[in-house]
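Open the model in your viewer and keep the selection panel at hand. Each stop below says what to select and what is there.

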Amino acid sequence: MDEKEEALSRLGEGWDGGFVVGQAIDTSVLRRAGIEDADAVVVSTDGDNTNIVVAQVVQQRFGVGCVVARILDPNRAEFYSAQGLRTFCPTSLAISALTEAVKSCAVPARA
Amino acid sequence: MYVLVAGGGLIGANLARSLLRAGHEVTLIEQRRDRFEMLADELEHVVVQGDATELFVLERAGIQRPPSIVVAVTGDDEDNIVICQLAREKYGVDKVIARVNDPRNQVHFDLLGISPTVCATSSIMALIEHEVPEHGLVHLLELPKENVEIVEVQIPPGADCTGMPIGRLELPEGARLISVKRDGQFELAGDATTLRAGDQVIAILQPGKEDELRRVLLKS
């Protein structure tokens, strides 16, 4: 699902899955995308708050058991994860990966 | 009373002005730099710049005190929902009021228990319906938490209920007729009141029982 039709071209020629154009907050679009039969949903639009709201709607209105929401802001990600939402925060992950990368550098001792 | 207003557009800014005039303490959060500067020129320290869905912005605006009411009136419905959730569940704010920009999102506010909400489109629709009753029944007031609503019904000519005393009508369970307006005169509805065509009847009932009430009052 994406609000722009162009997103389909990013999937390449060989894409044989479904594709629905529309906004994730719109329940009629969710239904068209087959939300009622979904076992798992990943909510990863470019808006943190859209993802937070859509994830809760999918969980509570449509009863999908496995819902993961991408939240860029670590503070909101932490709060909503404590509220029982499965959140994924690329920012936190990047920070720890980068910190590890820096730590693993062999820095020559200074004279 | 201390009120935190998120969103400094026409609604938020005028709300802040009115609350200040009424002697309340207000903090207004506005994200856009240009709007913030204009508002800050006028309202000075009352205005805070930032994204009201970010915890540190809310905290800088004093949400930890906490305010008596948080009003989320940004132009984005998802933002308004998140602001209300954070206010209530993270900071223990008792009362939140949210603006619904797109009436199609009302169901999400309801689902997530964010209430009361204000939606300009729905309010105007309700006014239009009040002028031109489409299905014979106009919603005057809805109190979803209390599970009651107040509606107005105009009795059509030839309806089965005309000539019947109210006490003999088989109203839906929990429903009561409150008043009858006839020829511009308003009277409280009693069991002995007899309905006539053209009467404007105000009733209290549980949401969802409108069809049952229509059957009793409109059917001919």
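**Stop 1: the two domains of chain B.** Select domain 1 and domain 2 of chain B in this predicted model. Their C-alpha centres lie 38 Å apart. Colour residues 2-123 of chain B as domain 1 and residues 134-218 as domain 2.

**Stop 2: the six-stranded sheet of chain B.** Stay with chain B and show its open sheet of six strands. Read across it in the order 3-2-1-4-5-6. The pairing is parallel. Now pick out strand 3 (47-49) and strand 6 (117-118) of chain B. These two stand at the edges with a single partner strand each, so one side of each has no neighbour in the sheet.

Move to residues 95-99 of chain B, which are strand 5. Strand 5 of chain B runs parallel to strand 6 of chain B, and two bridges join them. Label R99(B). Its bridge partner in strand 6 of chain B is V118(B).

Next, add helix 2 of chain B, residues 33-43. Helix 2 of chain B packs on the sheet and touches strand 2 (25-30) and strand 3 of chain B. Its direction makes about 155 degrees with that of strand 3 of chain B.

**Stop 3: the hairpin of chain B.** Select strand 9 (residues 176-182) and strand 10 (residues 185-188) of chain B. Four bridges pair them in the antiparallel sense. One pair to label is K181(B) with F186(B), its bridge partner in strand 10 of chain B. The two strands form a hairpin, with two residues between them. Look in the turn for D183(B), which has a positive phi of about 50 degrees.

**Stop 4: the sheet of chain A.** Switch to chain A and find an open sheet of three strands. The order is 1-2-3, with parallel pairing. At the edges are strand 1 (40-43) and strand 3 (86-88) of chain A, each pairing on one side only. From one strand to the next, the twist averages 20 degrees.

Zoom in on strand 1 of chain A and strand 2 of chain A, residues 66-70. They pair in the parallel sense over four bridges. V42(A) stands opposite V68(A) in strand 2 of chain A. Then show helix 3 of chain A, which lies across strand 1 and strand 2 of chain A. Helix 3 of chain A runs at about 175 degrees to strand 2 of chain A.

**Stop 5: where the chains touch.** Show both chains together. How many residues does each chain give to the contact? Chain B gives 16 residues, and chain A gives 16. On the side of chain B, helix 4 (77-90) and helix 5 (106-111) are the elements that give two or more residues. Helix 4 of chain B gives the most, with seven residues. By class, this side of chain B has seven nonpolar, three polar and six charged residues.

**Stop 6: two crossing helices.** Finish with helix 3 of chain A (residues 48-60) and helix 4 of chain B. Their axes come within 8 Å and cross at roughly 75 degrees. The two helices are therefore roughly perpendicular. From helix 3 of chain A, select N49(A), T50(A), I52(A) and V53(A). From helix 4 of chain B, select E78(B), D79(B), I81(B) and V82(B). These residues make the contact. By class, the contact of these helices has four nonpolar, two polar and two charged residues.

Methods:
Residues numbered from 1 in each chain as written. Chains lettered and ligands numbered in written order. Predicted model: local features only at pLDDT ≥ 70, side-chain atom pairs only at ≥ 80, totals over all residues. Pairing = 2+ DSSP bridges. Contact = placed C-beta atoms within 7 Å. Axes fitted to C-alpha atoms, helices over the stretch in contact; angles between N-to-C directions. Nonpolar A, V, L, I, M, F, W, Y, C, P; charged D, E, K, R; others polar. Domains from an automatic or database assignment. Parallel < 35°, antiparallel > 145°, perpendicular 65-115°, else oblique.
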